[in-house]
Amino acid sequence: MSRKKLQKLTDTLTKNCKHFFRGFDKDNDGCINVSEWIYGLSVFLRGTLEEKMKYCFEVFDLNGDGFISKDEMFHMLKNSLLKQPSEEDPDEGIKDLVEITLKKMDHDHDGKLSFSDYEQSVREETLLLEAFGPCLPDPKSQMEFEAHVFKDTDEFNDI
C-alpha cells in the first residue's frame with residue numbers, strides 16, 4: 001500500500017478526532033511506534049467499552065495528571081462546540097456547561113473528574129463517552145477504513 005493511500009485512509013478514520021495522537025502515544029515520546037499504532041487501531045476498530053473509556057480519558061486529560069479539570073473541560077468544549085451568533089458571551093455558556101457536566105459526572109465532588117468518576121458516568125450513560133468532543137471515529141469512517149484496508153490484503157505485501 002502506498003504512503004499516500006495509507007495517509008488518506010488514516011485521515012478518513014481520524015478526521016473528527018483532533019487529539020487522537022495523545023491517545024495513541026502511550027509512552028509520551030512524541031512518536032507513535034508500530035505497537036502503539038496497532039494497539040490504537042485495535043481500540044478504534046474493535047475496542048471494548050473499557051478500552052475506549054481509557055483511551056478517551058487519556059485524550060481528555062490534556063496535561064496527563066490523571067484528572068480532567070474544569071479548565072481542560074472548558075478548553076475541549078470551547079473547541080468542539082459550534083459558535084452561535086448571540087449577544088451573550090459564548091464563554092459564559094461553556095462555563096455553565098462545565099458546571100452542569102461536573103454536577104452530572106463528579107461523583108466524589110472534588111471539582112475534577114478522576115477516571116473513576118468518568119467510568120461510573122459512562123457506564124450509567126454511554127453517550128458521555130465523548131462528552132468533551134469527538135475522539136473516536138464515527139461508524140461511517142470506521143466502516144470506510146475497514147472496507148479499504150481489508151478488501152485487498154495483497155496490497156500490504158508491498159510494504
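Visitor: Where does Asn 28 lie?
Guide: This is a predicted model, so let's go by its backbone and elements. Asn 28 isn't a glycine, yet its phi is positive, at about 50°. As for its place in the chain, look in the loop between H2 and H3.

Visitor: Does Asn 28 count as buried or exposed?
Guide: The cut-off for exposed is over 50% relative accessible area. Asn 28 comes out at 63% relative accessibility, so it counts as exposed.

Visitor: What about Gly 30: buried, partly exposed or exposed?
Guide: Gly 30 also sits in the loop between H2 and H3. Leaving out residues up to four places away in sequence, it touches Phe 21 and Asp 25. Its relative accessibility is 47%, and therefore Gly 30 counts as partly exposed.

Visitor: In which loop is His 109 found?
Guide: Most residues other than glycine have a negative phi. His 109 is not a glycine, but has a positive phi of about 55°. At 67% relative accessibility it counts as exposed. Its home is the loop between H6 and strand E2 (113–114).

Visitor: Are H4 and H7 parallel, antiparallel, perpendicular or oblique?
Guide: The axes of H4 (residues 49–60) and H7 (residues 115–124) come within 11 Å and cross at roughly 130°. Roughly perpendicular stops at 115 degrees and roughly antiparallel needs over 145. That crossing angle therefore makes H4 to H7 oblique.

Visitor: And is that crossing left-handed or right-handed?
Guide: On the H4 side, the contact includes Leu 49, Met 53 and Phe 57, and on the H7 side Phe 115, Tyr 118 and Val 122 are among the residues. The handedness of the H4 and H7 crossing is right-handed.

Visitor: How many residues of the contact of H4 with H7 are nonpolar, polar and charged?
Guide: Glu 50 and Lys 54 of H4 take part, as do Glu 119 and Arg 123 of H7. Sorting the residues of this contact by class gives 8 nonpolar, no polar and 4 charged.

Visitor: Which helix supplies the largest share of the largest nonpolar core?
Guide: In soluble globular proteins, nonpolar side chains tend to be buried together. Here the largest nonpolar core has 30 residues, and Tyr 55, Cys 56, Phe 60, Ile 68, Tyr 118 and Phe 132 touch the most other members. Helices giving at least two residues each include H3, H5 and H8. The largest share, 6 residues, comes from H4.

Visitor: Which residue of H7 does Phe 60 touch?
Guide: Skipping residues up to four places away in sequence, Phe 60 touches Ile 68, Met 76, Leu 129 and Phe 132, among others. Phe 60 belongs to the H4 side of the H4 and H7 contact. From H7, its partner is Tyr 118.

Notes. Residues numbered from 1 in each chain as written. Predicted model: local features only at pLDDT ≥ 70, side-chain atom pairs only at ≥ 80, totals over all residues. Heavy atoms only, no water. Axes fitted to C-alpha atoms, helices over the stretch in contact; angles between N-to-C directions. Helix = DSSP H or I, 4+ residues; strand = E, 2+ residues; numbered from the N terminus. Parallel < 35°, antiparallel > 145°, perpendicular 65-115°, else oblique. Left-handed = near helix turned anticlockwise from the far one by under 90°. Contact = heavy atoms within 4.5 Å. Nonpolar A, V, L, I, M, F, W, Y, C, P; charged D, E, K, R; others polar. Core = buried A, V, L, I, M, F, W, Y, C linked by side-chain atoms within 4.5 Å. Buried < 20%, exposed > 50% of the residue type's maximum accessible area, 1.4 Å probe, protein only.
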